[in-house]
Amino acid sequence: MLSSTYARGHGVAVVIDLMVTTLRKRGHVVFLAGTKSDRDFSYGGTEVIDVQDPRSAATMATDLQIDVIIAHTPPFFGVARWTGAYPPVIAYDYGEPPPNFFPDEEARRESLADKNASLRMCTKVFAISQAIADESLIPPDKVIPLGNSHLGVWTSELLERREAIRRKHGWTSHYVILNVCRFHVGERKYKGVDQYADMLAALKSVDPDFAARCIFVLCGKAHDEDIAAVRAQGITAIANISDEEMLDLYVAADLYVNFSRWEGYNLGIGQALAMGLKVIASDIPAHRAFGVRVVGNAIDAAFALLDLTRESTERVPLLWSWDEPLHLFAEEIESLAFTSTNPQIGWSHDKSEDQGVA
């Protein structure tokens with residue numbers, strides 16, 4: 001598997017961790033290569049091989065006699081340019097946000113064009129969601145969706161923990177509205193952080209008494225200057241915390257909100273639903289797929305919030321299992337591996353053989 005990130009805090013790394021576990025249980029050998037960091041998942045003790053470009057990855061695959069390559073992120077979709085017919089390359093496409101959301105727009109356009117050219121050369125392309133499949137210039141062979149069943153799930157046993165966390169933060173008598181996303185300066189526009197602040201301002205306008213009892217919490221990766229900028233808008237910014245501390249915020253929250261202008265899935269909403277929270281989100285395809293309350297502007301969001309406060313406060317988890325997606329992915333890998341022939345050594349797999357795939 002190839003990825004530009006294996007670090008905690010990134011959804012791609014979480015998916016890879018689940019896939020590695022599944023493939024090993026089915027008897028396969030998995031190598032991980034790409035960009036290493038000191039925050040990487042342990043992957044059952046597998047160390048990530050440091051590879052920075054697709055050409056080097058193709059060479060490494062030959063040296064290791066790899067049977068199937070799975071590329072998760074740019075620039076590694078480009079490995080298909082160097083491998084030829086063998087080994088086959090599967091691209092798992094998480095999509096890319098529109099380049100115009102970022103200050104480095106031109107560079108992102110070039111990267112997207114390179115990605116699309118690479119995807120055309122891959123043996124198979126799978127998309128993480130129908131939203132990605134619908135927007136892609138390269139129609140995927142199949143949608144293999146993400147799940148949320150691996151995340152923290154709400155149970156009544158968490159009530160005591162919820163009360164303790166809310167006391168710790170001074171939120172006992174407040175209504176806590178949580179948003180989780182990276183909020184570095186270059187990403188705040190596309191993540192909709194400005195609209196999150198606009199929702200707070202709109203709520204103060206339509207119901208100032210209730211707004212005074214609300215705490216808007218934004219949590220995610222950020223630098224000190226990002227934290228200061230968000231706090232200046234009246235939002236409680238909590239940055240760079242552990243997975244366990246992040247889960248505490250979902251436990252403590254009363255509502256989840258996210259106004260991202262683009263997502264291929266949205267892991268934060270997946271976690272919120274697993275924790276039984278009601279959700280208000282921007283009206284984009286990936287969010288509509290969750291069946292949550294979607295809105296078009298800050299005023300609508302404020303009124304949606306007031307509507308939801310009149311509904312039952314019972315938390316009911318909404319889960320999508322990983323079992324079927326992981327099974328489908330493993331079957332696709334095995335189908336390619338056991339029918340591919342290595343032209344260099346004249347060897348082919350026979351699916352009747354009881355042996356693993358590298």
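## A look around the predicted chain

Glutamine 65 sits in the loop that runs between α2 (54–63) and β4. This is a predicted model, and that loop is a handy place to start, since the backbone does something worth checking there. Glutamine 65 isn't a glycine, yet its phi is positive, at about 55°.

### Backbone oddities

Most residues other than glycine have a negative phi, and most peptide bonds are trans. With that in mind, here are some spots to click on. Besides glutamine 65, tyrosine 43 has a positive phi, near 50°, and is a residue other than glycine. Look for tyrosine 43 in the loop between β2 (33–34) and β3 (49–50). Is tyrosine 43 buried or exposed? With a relative accessible area of 1%, tyrosine 43 falls under the 20% cut-off, so it counts as buried.

Then there's a peptide bond to look at: proline 74 and proline 75 are joined in cis, with omega at about 0°. Proline 75 belongs to the loop that links β4 (69–71) with α3 (80–83).

### The chain as a whole

Zooming out, you can count 14 helices and 15 strands in the chain. The radius of gyration comes to 22 Å, close to the 21 Å that the globule rule gives for 358 residues, so the chain is as compact as a globular protein of that length. Along the principal axes, the C-alpha atoms fill a box of roughly 75 × 45 × 35 Å.

What share of the 358 residues is buried? The figure is 52%. As for contacts with a separation of 6 or more, 64% of them are between residues 24 or more positions apart. The exposed surface of the chain is about 16400 Å², and carbon and sulfur atoms supply 50% of that. On the charge side, there are 34 positive and 48 negative side chains, with the centres of the two sets 4 Å apart.

### Around strand β11

Strand β11 (residues 255–258) is a nice one to display with side chains on. Leu255 and Val257 point one way, Tyr256 and Asn258 point the other way, and all of them are buried. β11 also has strand partners. It runs parallel to strand β8 (residues 175–180), joined by 2 bridges, and leucine 178 has tyrosine 256 of β11 as its bridge partner. Strand β12 (residues 279–282) is parallel to β11 too, this time with 3 bridges. There, asparagine 258 has alanine 281 of β12 as its bridge partner.

Strand β9 (residues 214–220) is home to isoleucine 215. At 17% relative accessibility, isoleucine 215 is under the 20% limit, so it counts as buried. Leaving out neighbours within four places in sequence, isoleucine 215 is in contact with Trp171, His174, Tyr175, Val176, Ile177 and Thr236.

### The start of the chain

Leucine 2 is part of strand β1 (residues 2–3). Its relative accessibility is 4%, which makes leucine 2 a buried residue. What does leucine 2 touch, once residues up to four places away in sequence are set aside? The list is Ala33, Ala57, Ile69, Ile70, Ala71, His72, Thr73, Phe76 and Val79.

### Helix α4 and the loop before it

Arginine 109 is in helix α4 (residues 105–121). With a relative accessibility of 39%, arginine 109 is neither under 20% nor over 50%, so it counts as partly exposed. Not counting residues up to four places away in sequence, arginine 109 touches Pro99 and Asn100.

Proline 103 lies in the loop between β5 (89–93) and α4. Here the relative accessibility is 73%, and proline 103 counts as exposed.

### Some distances to try

If you'd like to check separations with your viewer's distance tool, these C-alpha pairs can be picked directly.

| Pair | Apart in sequence | C-alpha to C-alpha |
|---|---|---|
| Isoleucine 215 and valine 176 | 39 residues | 4.9 Å |
| Arginine 109 and proline 98 | 11 residues | 8.4 Å |
| Proline 103 and valine 185 | 82 residues | 9.8 Å |
| Leucine 2 and aspartate 323 | 321 residues | 22 Å |

Valine 176, paired with isoleucine 215 in the table at 4.9 Å, also turns up among the contacts of isoleucine 215.

Note on methods
Residues are numbered from 1 along each chain as its sequence is written. This is a predicted model: local features need pLDDT of at least 70, side-chain atom pairs count only at pLDDT 80 or more; totals for chains, interfaces and linings use all residues. Side-chain values use heavy atoms; hydrogens and water are left out. Helices (H or I, at least four residues) and strands (E, at least two) are DSSP runs, numbered from the N terminus. Buried means under 20% relative accessible area, exposed over 50%, partly exposed in between (1.4 Å probe, protein chains only). The radius of gyration is taken over C-alpha atoms; the globule rule is 2.2 Å times the number of residues to the power 0.38. Contact means heavy atoms within 4.5 Å. Accessible areas come from the Shrake-Rupley method with a 1.4 Å probe; for residues, only the protein chains shown count as cover. Lys and Arg count as positive and Asp and Glu as negative; His and the chain ends are not counted. The place of a charge is taken as NZ of Lys, CZ of Arg, CG of Asp or CD of Glu. Two strands pair if DSSP finds at least two bridges between them.
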